[in-house]
Amino acid sequence: MSLELPAALTLAALLLAGVLLIAALHSWRRRRWLQGGRRGMGGLLLLGLALLAGSVAANLHTYSRLTAERPVAILAFAAAGPDRFEVLLTLPGGDSAVYSLEGDEWQLDARVLTWRGPARLFGLDNLYRLERLSGRWRDPDRERTGPRSVHPLAETAGLDLWTLAREHGRWLPWVDAVYGSAAYLPLSDGARYAVVLGPSGLLARPLDPAAETAVRSWREQNR
């Protein structure tokens with residue numbers, strides 16, 4: 001219901017705005033200027049609210065529903081050169097894309113949007129959106145000076161409710177831009193990882209022996 005409600009409000013506001021504007025024209029033709037003015041102003045106000053709701057709906061459609069812990073991506077890596085990897089990122093719906101990463105670790109970032117107060121009465125679902133996939137270096141000095149590879153994963157559409165909620169939270173008490181979350185693990189040839197999103201944020205898990213070996217070695221080095 002979380003994505004349908006703003007669209008339904010937009011349609012209802014557009015229909016009511018149209019009715020009021022038509023009524024205003026009818027009043028003006030009958031030379032009822034004051035009545036027509038009131039109806040016209042009401043129609044224009046509703047039209048503005050409809051455009052605002054439509055912009056919010058367009059932005060929410062760039063998110064996916066978050067219900068309990070759920071898979072958000074599978075990543076499969078293949079070496080393409082020294083400290084360079086090709087990664088096949090596959091989403092739960094089956095969409096996939098290939099990206100190039102440089103470094104010795106990969107990182108996946110997401111943002112989570114939740115609701116509180118009266119908004120929950122409408123049955124709104126928590127939402128998430130993958131933001132970007134990037135390569136990173138374990139050594140801080142190399143992270144500052146080494147080559148960077150960052151790939152945006154999110155669409156940009158409509159009014160950015162996340163940014164508004166974080167910057168002007170007191171005006172949007174029913175929206176909670178609860179957190180940005182990231183998961184990172186080592187890059188390794190032949191490794192496959194599953195990334196899930198739960199209440200605590202993104203979690204990455206190895207799916208094959210290559211990934212398990214890479215994670216075990218990585219943890220030993222970071223002790």
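**View 1. Salt bridges across the whole structure.** A search of this predicted model finds 8 salt bridges. Side chains of opposite charge can pair when their charged atoms come close. The next three views each show one such pair, beginning with Glu-105 and Arg-136.

**View 2. Glu-105 and Arg-136 form a salt bridge.** The N to O distance here is 2.8 Å. Glu-105 belongs to strand S5 and Arg-136 to strand S6, so this pair ties together parts that are 31 residues apart in sequence. Glu-105 counts as buried because its relative accessibility is 2%, under the 20% limit. Arg-136 counts as partly exposed, at 21% relative accessibility. Arg-138 joins in as well: Glu-105, Arg-136 and Arg-138 are linked in a network of salt bridges.

**View 3. Asp-109 meets Arg-132 in a salt bridge.** Their side chains are 3.8 Å apart, N to O. Asp-109 sits in strand S5, and Arg-132 sits in strand S6. The two residues are 23 residues apart, so the pair links distant parts of the chain. Asp-109 is buried, with a relative accessible area of 14%. Arg-132 is partly exposed, at 37% relative accessibility.

**View 4. Arg-111 meets Glu-131 in a salt bridge.** The N to O distance is 3.4 Å. Arg-111 is in strand S5 and Glu-131 is in strand S6, so the pair ties together parts that are 20 residues apart in sequence. Arg-111 is buried, with a relative accessible area of 11%. Glu-131 counts as partly exposed, at 22% relative accessibility.

**View 5. The largest nonpolar core has 28 residues.** Which members touch the most other members? They are Val-72, Leu-75, Phe-77, Trp-106, Leu-108, Leu-133 and Tyr-193. Several elements give two or more residues to this core. Among them are strand S2 (70-81), strand S3 (84-90), strand S4 (96-102) and strand S5 (105-115). Strand S6 (126-136), strand S8 (175-186) and strand S9 (192-198) also contribute. So does helix H5 (209-221).

**View 6. Leu-108 and its contacts.** Leu-108 is one of the core residues that touch the most other members. Which residues does Leu-108 contact, leaving aside its neighbours within four places in sequence? The leucines are Leu-89, Leu-130, Leu-133, Leu-153 and Leu-202. The alanines are Ala-73, Ala-182 and Ala-183. Val-195, Ser-181 and Arg-132 complete the set. Arg-132 also appears in View 3, where its side chain meets that of Asp-109. Leu-133, like Leu-108, is listed among the core members with the most contacts to other members.

Notes: Residues are numbered from 1 along each chain as its sequence is written. This is a predicted model: local features need pLDDT of at least 70, side-chain atom pairs count only at pLDDT 80 or more; totals for chains, interfaces and linings use all residues. Side-chain values use heavy atoms; hydrogens and water are left out. A nonpolar core is a set of buried Ala, Val, Leu, Ile, Met, Phe, Trp, Tyr and Cys residues joined through side-chain atoms within 4.5 Å. Buried means under 20% relative accessible area, exposed over 50%, partly exposed in between (1.4 Å probe, protein chains only). Helices (H or I, at least four residues) and strands (E, at least two) are DSSP runs, numbered from the N terminus. Contact means heavy atoms within 4.5 Å. A salt bridge is a side-chain nitrogen of Lys or Arg within 4 Å of a carboxyl oxygen of Asp or Glu.
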